[in-house]
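User: I should like to learn how to read a protein structure, one feature at a time. May we work through an example together?

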Amino acid sequence: MALRLGDEAPNFTAQSTEGAITLHDYLGDGWGVLFSHPKDFTPVCTTELGRVAALKPEFDKRNVKVIGLSVDPLEDHNKWAGDIEETQGHKLNFPLLADSDRKVADLYDMIHPNANDTLTVRSVFVIGADKKVKLIITYPASTGRNFDEILRVIDSLQLTANYQVATPVDWTDGEDVIIVPAVSDEDAKGKFPKGWKAIKPYLRVTPQPNK
Ligand code: BEZ
């Protein structure tokens with residue numbers, strides 16, 4: 001059955017451009033992003049991997065380890081890495097799994113046969129420090145992802161893991177957040193000392209509590 005939010009991220013050991021990786025050990029007590037691309041030596045994938053390499057410091061800041069994957073062999077990943085650096089100006093600085101036997105792709109349901117029989121789609125899984133799946137997004141091969149959006153969601157996931165808040169539409173880090181309806185006004189006084197604005201009884205807006 002397909003993975004769902006809240007499920008434990010299936011563990012695996014696989015070969016990568018940085019040696020063998022066992023997912024749960026590799027993540028330790030941090031967060032993870034596991035994402036697939038369809039194929040090495042293809043244009044959109046080349047731009048995506050360059051962008052993720054450029055954003056590595058942003059993932060590091062959030063204690064998130066990024067892992068890429070395709071069903072191409074390790075030797076192709078290693079050859080393609082040169083093209084990524086040459087064309088995107090950023091050297092590959094995170095591991096790419098070589099999932100030729102599709103073990104990980106099958107575990108995470110990354111091959112969608114009605115889209116393509118053999119290649120992975122552009123899947124994204126965000127995995128929390130508790131090893132649970134926090135976010136699943138799937139894009140088609142023809143659409144490159146927006147990794148700023150992935151970082152934005154991670155900011156929301158990490159904030160809402162620690163405070164009883166939710167983040168509104170188009171929220172970015174530093175902006176006001178919403179007190180979840182499960183918190184009574186009485187309890188909110190203690191939890192949100194900066195106060196809040198009640199636009200409706202169920203829509204209470206407060207400054208981001210960890211800023
Ligand atoms: C690409 O990365 O450009 C791509 C890969 C597979 C199918 C279509 C596009």
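User: Which polar backbone atom is 2.7 Å from an oxygen atom of the ligand, that is, to which residue does the backbone atom belong?

Analyst: Please note at the outset that this is a predicted model. The polar backbone atom belongs to Val-44, and it is 2.7 Å from an oxygen atom of the ligand. A pair of N or O atoms counts as a polar contact within 3.5 Å. Side chains make such contacts with the ligand as well: an N or O atom in the side chain of Thr-42 is 2.9 Å from a ligand oxygen, and a polar side-chain atom of Arg-122 lies 3.1 Å from a ligand oxygen. The protein covers 74% of the 260 Å² of accessible area that the ligand has on its own.

User: Which residues surround the ligand?

Analyst: The ligand is surrounded by Pro-38, Thr-42, Pro-43, Val-44, Cys-45, Arg-122 and Ala-141. By class, this shell has 5 nonpolar, 1 polar and 1 charged residues. Helix α2 gives the most to the shell, with 3 residues.

User: With which residue does Glu-48 form a salt bridge?

Analyst: To recognise a salt bridge, one looks for a side-chain nitrogen of Lys or Arg within 4 Å of a carboxyl oxygen of Asp or Glu. Glu-48 forms one with Arg-122, and their closest N and O atoms are 2.9 Å apart. This pair links distant parts of the chain, since Glu-48 is in helix α2 (residues 43–54) and Arg-122 is in strand β6 (residues 122–127), 74 residues apart.

User: Are Glu-48 and Arg-122 buried or exposed?

Analyst: A residue counts as buried when its relative accessible area is under 20%. Glu-48 has a value of 3%, so Glu-48 is buried. Arg-122 has a value of 2%, and therefore Arg-122 is buried too.

User: What meets the side chain of Asp-148 in a salt bridge?

Analyst: The partner is Arg-51, at 3.1 Å from N to O. Asp-148 lies in helix α6 and Arg-51 in helix α2, so this salt bridge ties together parts that are 97 residues apart in sequence. Asp-148 counts as partly exposed, at 41% relative accessibility, and Arg-51 is also partly exposed, at 36%.

User: How many residues does helix α6 have, and what distance does it reach?

Analyst: One may compare the reach of a helix with the value expected at 1.5 Å a residue. Helix α6 (residues 147–162) has 16 residues and reaches 23 Å from its first C-alpha to its last, close to the expected 22 Å. At the start of α6, a side-chain oxygen of Asn-146 comes to within 2.9 Å of the backbone nitrogen of Asp-148. The buried residues of α6 include Phe-147, Ile-150, Leu-151, Ile-154 and Asp-155.

User: Why are Arg-152 and Glu-149 separated by about one helical turn?

Analyst: An α-helix has 3.6 residues a turn, so residues three or four places apart point the same way. Arg-152 and Glu-149 are 3 residues apart in helix α6, which means about one helical turn separates them. The two form a salt bridge, with their closest N and O atoms 2.7 Å apart. Arg-152 is partly exposed, at 23% relative accessible area, and Glu-149 is likewise partly exposed, at 27%.

User: How many salt bridges does the structure hold?

Analyst: The structure holds 13 salt bridges. Salt bridges can also join into a network, as they do for Glu-58, Lys-61, Arg-62 and Asp-155.

Methods. Residues are numbered from 1 along each chain as its sequence is written. This is a predicted model: local features need pLDDT of at least 70, side-chain atom pairs count only at pLDDT 80 or more; totals for chains, interfaces and linings use all residues. Side-chain values use heavy atoms; hydrogens and water are left out. Helices (H or I, at least four residues) and strands (E, at least two) are DSSP runs, numbered from the N terminus. The expected span of a helix is 1.5 Å times one less than its number of residues. Buried means under 20% relative accessible area, exposed over 50%, partly exposed in between (1.4 Å probe, protein chains only). A polar contact is a pair of N or O atoms within 3.5 Å; within protein, one must be able to donate a hydrogen and the other to accept it, and residues adjacent in sequence count only if both atoms are side-chain atoms. A residue is near a molecule or strand if one of its heavy atoms lies within 4 Å of it. Accessible areas come from the Shrake-Rupley method with a 1.4 Å probe; for residues, only the protein chains shown count as cover. Ala, Val, Leu, Ile, Met, Phe, Trp, Tyr, Cys and Pro count as nonpolar, Asp, Glu, Lys and Arg as charged, and the others, Gly among them, as polar.
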